[in-house]
Amino acid sequence: MDRFRRYYRLHQILSSRRLPVSRVVLERELGGCSSATVKRIIEELRNYGAPIEYIRDRNGYRYTPGAAFELPGIWFSPSEIEALFVAGHLLERAEPGLLAETLAPLKQKLQKILAQEHLGGGLMLVHGM
């Protein structure tokens, strides 16, 4: 499971439970990752503003009761990004210039995601994308 899927999975787990969730359960639910990975994912989500608290007497994590939190933005998997690039390329070939201005910000965001996640290998070969 990649990092972004783990963010969403952790968010889903914590949002759906009233009682604190143990680290051991989180390790299992997040794809069998290590204790260090769970702690790192929790810390990264906290950096995004997630109100995750550790309840010592329950030995688990939860969202602070009454605090609303949603993950920012829309995140895509590598295959979804590739599909968006291919679709954009096909649209450009079908009607050159028709959606170029509208799609430009999306293309720039996707290229940043690819560069940041080192996924750009074969995808950047698509002409104009």
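The following exchange goes through the reasons behind several descriptions of this predicted model.

User: What is the order of helices and strands along the chain?

Analyst: The chain has 5 helices and 2 strands, and from the N terminus on its elements run α-α-α-β-β-α-α. Buried residues make up 31% of the 129 residues in the chain.

User: Why is the pair of Tyr7 and Tyr48 called edge-to-face?

Analyst: The ring centres of Tyr7 and Tyr48 are 6.0 Å apart, and rings pair if their centres lie within 6.5 Å, so the two count as an aromatic pair. Their planes stand at 75° to each other, and because an angle over 60 degrees counts as edge-to-face, the pair receives that name. A search of the whole structure finds 3 aromatic pairs, and this is one of them.

User: What makes this a link between distant parts of the chain?

Analyst: Tyr7 belongs to helix H1 (residues 3–16), while Tyr48 sits in the loop between helix H3 (35–47) and strand S1 (52–55), and the two are 41 residues apart.

User: How do you know whether Tyr7 and Tyr48 are buried or exposed?

Analyst: Tyr7 has a relative accessibility of 3%, and since buried means under 20%, Tyr7 counts as buried. Tyr48 has a relative accessible area of 42%, which falls between the limits of 20% and 50%, so Tyr48 is described as partly exposed.

User: Why are H1 and H3 called roughly perpendicular?

Analyst: The axes of H1 and H3 come within 10 Å and cross at roughly 75°; because angles of 65 to 115 degrees count as roughly perpendicular, the two helices are given that description. Their contact is made by Arg3, Arg6, Tyr7 and Leu10 on the H1 side, and by Thr37, Ile41, Ile42, Glu44 and Leu45 on the H3 side. By class, the residues of this contact divide into 5 nonpolar, 1 polar and 3 charged.

User: Which elements supply the largest nonpolar core, and which residues in that core touch the most other members?

Analyst: Of the 20 residues in the largest nonpolar core, those touching the most other members are Leu10, Leu14, Leu26, Leu30, Ile42, Leu45 and Ile52. At least two residues of this core come from each of H1, helix H2 (23–29), H3 and strand S2 (60–63), and H1 gives the most, with 5 residues. Ile42, not counting residues up to four places away in sequence, touches Leu10, Leu26, Ile52 and Tyr61.

User: What makes His11 and Ile55 count as they do, buried or exposed?

Analyst: His11, which lies in helix H1, has a relative accessible area of 9%, and Ile55, which lies in strand S1, has a relative accessibility of 16%; because both values are under 20%, both residues are buried. Leaving aside neighbours within four places in sequence, His11 is in contact with Tyr63, Phe69, Glu70 and Leu71, whereas Ile55 is in contact with Pro20, Gly60 and Arg62. Ile55 and Ser22, although 33 residues apart in sequence, are 9.5 Å apart in space, C-alpha to C-alpha.

User: Why is Asn59 described as partly exposed, and where is its place?

Analyst: Its relative accessibility is 46%, and because partly exposed covers values between 20% and 50%, Asn59 takes that label. The place of Asn59 is in the loop between S1 and S2, and its phi is near 50°, a positive value in a residue other than glycine.

Definitions and conventions: Residues numbered from 1 in each chain as written. Predicted model: local features only at pLDDT ≥ 70, side-chain atom pairs only at ≥ 80, totals over all residues. Heavy atoms only, no water. Phe/Tyr/Trp six-rings, centres within 6.5 Å; stacked < 30°, edge-to-face > 60°. Helix = DSSP H or I, 4+ residues; strand = E, 2+ residues; numbered from the N terminus. Buried < 20%, exposed > 50% of the residue type's maximum accessible area, 1.4 Å probe, protein only. Contact = heavy atoms within 4.5 Å. Axes fitted to C-alpha atoms, helices over the stretch in contact; angles between N-to-C directions. Parallel < 35°, antiparallel > 145°, perpendicular 65-115°, else oblique. Nonpolar A, V, L, I, M, F, W, Y, C, P; charged D, E, K, R; others polar. Core = buried A, V, L, I, M, F, W, Y, C linked by side-chain atoms within 4.5 Å.
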